[in-house]
Amino acid sequence: MSSLPPPYQRLQIDQLSDYTRERLRNIAQVAALGPIAGRDNIGGELGWVLLGLAIIGINVFLAIGHPSGEWERFTLQSLIGVPFVVWGGNKLLRRYRAGIPTFLHALPAYFIGVDGNHVVFWSWASASAITLTDRYLNGVFLGTNVSIEFGDRSLTVSAANHESAQRLAAQYGRLRDQARAQADQGSWHALEGADLLPSGAAV
């Protein structure tokens, strides 16, 4: 058990090997067809950039249309938008450089999630409880969450209905039990996906 990976590892994609990045691109194509395909957050990041530009633009426009004594105030206010542009632009640039879309996908060794320039590896050998929670808003059913405990962390996946959530929970339970059994036998590294990370990868 000492050679097992930690329950949770979050790494930058550009720190991974060429082999792992190529595997992640291939996995992303499969994950896009699955029931829990990750949603690309590019719209949210672009939204922050546009918000920042709007703040800057409005204040510059107001500064031009006001007496010289007030333009300094509007100019300073326009600086509020700069962090939004920088943060959102940086996230978009990293996403472009990574070249891998957002996704969630379960392999026998890991539950993998990619978002922007980061990838998270959740080790099934460290998974424990799997629970279902129905989501409601003002009495209206929105779907069911499947929560999986990995060490001291929890991963939650949303399903459209209770039946889909039950199927996912059963699938995840099988992956957890298989990984645990392989770990007990000292053969965890034979699981599909175990080779995506070298032993001792940084957390």
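**Exercise 1.** In this predicted model, determine which side chains meet in a salt bridge at 3.1 Å, N to O, and classify the burial of each partner.

*Solution.* Step 1: the side chains in question are those of R176 and D177, which form a salt bridge with an N to O distance of 3.1 Å. Step 2: R176 has 17% relative accessibility and counts as buried, because buried means under 20%. Step 3: D177, with a relative accessible area of 40%, is partly exposed.

**Exercise 2.** Identify the salt-bridge partner of R25 and locate the pair in the chain.

*Solution.* Step 1: R25 pairs with E22, their closest N and O atoms lying 3.5 Å apart. Step 2: the two residues are three apart in helix 1, so about one helical turn separates them. Step 3: R25 is partly exposed at 29% relative accessibility, and E22 is partly exposed at 40%.

**Exercise 3.** Establish which parts of the chain are linked by the salt bridge between R23 and D195.

*Solution.* Step 1: the closest N and O atoms of R23 and D195 are 3.4 Å apart. Step 2: R23 belongs to helix 1 and D195 to the segment after helix 5, so the bridge joins distant parts of the chain, 172 residues apart. Step 3: D195 is partly exposed, at 42% relative accessibility.

**Exercise 4.** Describe the largest nonpolar core and find which element gives the most to it.

*Solution.* Step 1: this core has 42 residues, and W124 and Y172 are among those with the most contacts inside it. Step 2: helix 5 gives the most, with seven residues. Step 3: W124 touches residues including Y172, L175, R176 and A179.

Technical notes:
Residues numbered from 1 in each chain as written. Predicted model: local features only at pLDDT ≥ 70, side-chain atom pairs only at ≥ 80, totals over all residues. Heavy atoms only, no water. Core = buried A, V, L, I, M, F, W, Y, C linked by side-chain atoms within 4.5 Å. Buried < 20%, exposed > 50% of the residue type's maximum accessible area, 1.4 Å probe, protein only. Helix = DSSP H or I, 4+ residues; strand = E, 2+ residues; numbered from the N terminus. Contact = heavy atoms within 4.5 Å. Salt bridge = Lys/Arg side-chain N within 4 Å of Asp/Glu carboxyl O. Lists of a residue's contacts leave out its neighbours within four places in sequence.
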